[in-house]
Amino acid sequence: MKIILLGAPGAGKGTVAKLLTEFDGSVQISTGDILRGAVKAGTRLGGQAKKYMDAGDLVPDELIMELMRERLAQNDCRRGFILDGFPRTIPQATALKGLLRDLQISLDFVVSLEVPREVILDRLTTRRTCSNPECQEIYNIKSNPPQPDGKCKKCGSPTIQRDDETEAAIQYRLETYEKKTSPLIAYYRQEGLLREFSSVSSVETVAAIKKQLGK
Ligand code: AP5
């Protein structure tokens, strides 16, 4: 599959993407995970991105496009990919369109995950994420808790709250989403690629996406 997942912070993009990769071997490409990995590894990209991420602001488009140009040209993307958290601005979406044209790749469709705001706020304050950059499994202390000692069920590393999970940063991320990312819904509707899913249950959402893909 070759799809984009659009949705507010906490809408469940990462959770849905991980379930979809288990299904047909398509790779999850999460710009958020890549950036957090770069911050942890102390690379040039990580150094440039950290201050934006901690504040809940978007990383500049040029940095993201540099990263994605490289990532989408890698061989594993030929099997299929799920773009999680990219594109996030109109300039990123138009640059992606050109990039996919150059690589002769066409998208199946763009998934918009619709979740009420009060559900989102609750999910973000109760999320826990595996601290191992190779794993980054997503948990929720209410709906999907890690082991009782707080360790990851998959790899045994400690689970943590992310640096952008403070109340102020969450608020800012939601405002940034409304201002800069939500216009992508109209953009992809106009392109004829948008499919909207009410995403209260991730398992049901994944089943609905598979059905749209004809699988
Ligand atoms: P990123 O990592 O992409 O964060 P985000 O978009 O804010 O999304 P989240 O990861 O917070 O949420 P999610 O929708 O994946 O939800 P999840 O599945 O975890 O980006 C972080 C930062 O990086 C940005 O702020 C920006 O600075 C930078 N960045 C990244 N990409 C960029 C780009 N393209 N351009 C510029 N800057 C960029 O679920 C949330 C919680 O809910 C979890 O606890 C989960 O277990 C739970 N949950 C999920 N589904 C359900 C369900 N159905 N029922 C119950 N609980 C559920």
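**Close-ups of a predicted protein–ligand model**

**View 1. Asp164 and its surroundings.** Setting aside neighbours within four places in sequence, Asp164 is in contact (heavy atoms within 4.5 Å) with Met53, Asp54, Ala169, Ile170 and Arg173. This is a predicted model, so local features need pLDDT of at least 70 and side-chain atom pairs count only at pLDDT 80 or more, while totals for chains, interfaces and linings use all residues. Residues are numbered from 1 along each chain as its sequence is written, and side-chain values use heavy atoms, with hydrogens and water left out. Asp164 sits in the loop between strand S7 (159–160) and helix H7 (167–181); helices (H or I, at least four residues) and strands (E, at least two) are DSSP runs numbered from the N terminus. At a relative accessible area of 9%, Asp164 counts as buried (under 20%, 1.4 Å probe, protein chains only). The side chains of Asp164 and Arg162 are joined by a polar contact of 3.1 Å. That term covers a pair of N or O atoms within 3.5 Å; within protein, one must be able to donate a hydrogen and the other to accept it, and residues adjacent in sequence count only if both atoms are side-chain atoms.

**View 2. Side chains reaching the ligand.** Thr15, Asp57, Arg88, Arg127 and Arg173 come nearest among the 34 residues around the ligand, where a residue counts as near if one of its heavy atoms lies within 4 Å. Arg88 places a polar side-chain atom 2.5 Å from a ligand oxygen, and Thr15 does so at 2.6 Å. Over at Ser202, an N or O atom of the side chain is 3.0 Å from a nitrogen atom of the ligand. On its own the ligand exposes 1000 Å², and the protein buries 94% of that (Shrake-Rupley method, 1.4 Å probe; for residues, only the protein chains shown count as cover).

**View 3. What the shell is made of.** Helix H1 (13–24), helix H2 (31–41), helix H6 (117–126) and strand S6 (138–140) are the elements that give two or more residues to the shell around the ligand. H2 has the largest share, with four residues.

**View 4. The chain behind the close-ups.** Pull back, and the protein chain has nine helices and eight strands. Its C-alpha trace spans about 45 × 40 × 35 Å along the principal axes. Of its 215 residues, 48% are buried. Among contacts between residues at least 6 apart in sequence, 70% join residues at least 24 apart.

Technical notes:
Buried means under 20% relative accessible area, exposed over 50%, partly exposed in between (1.4 Å probe, protein chains only).
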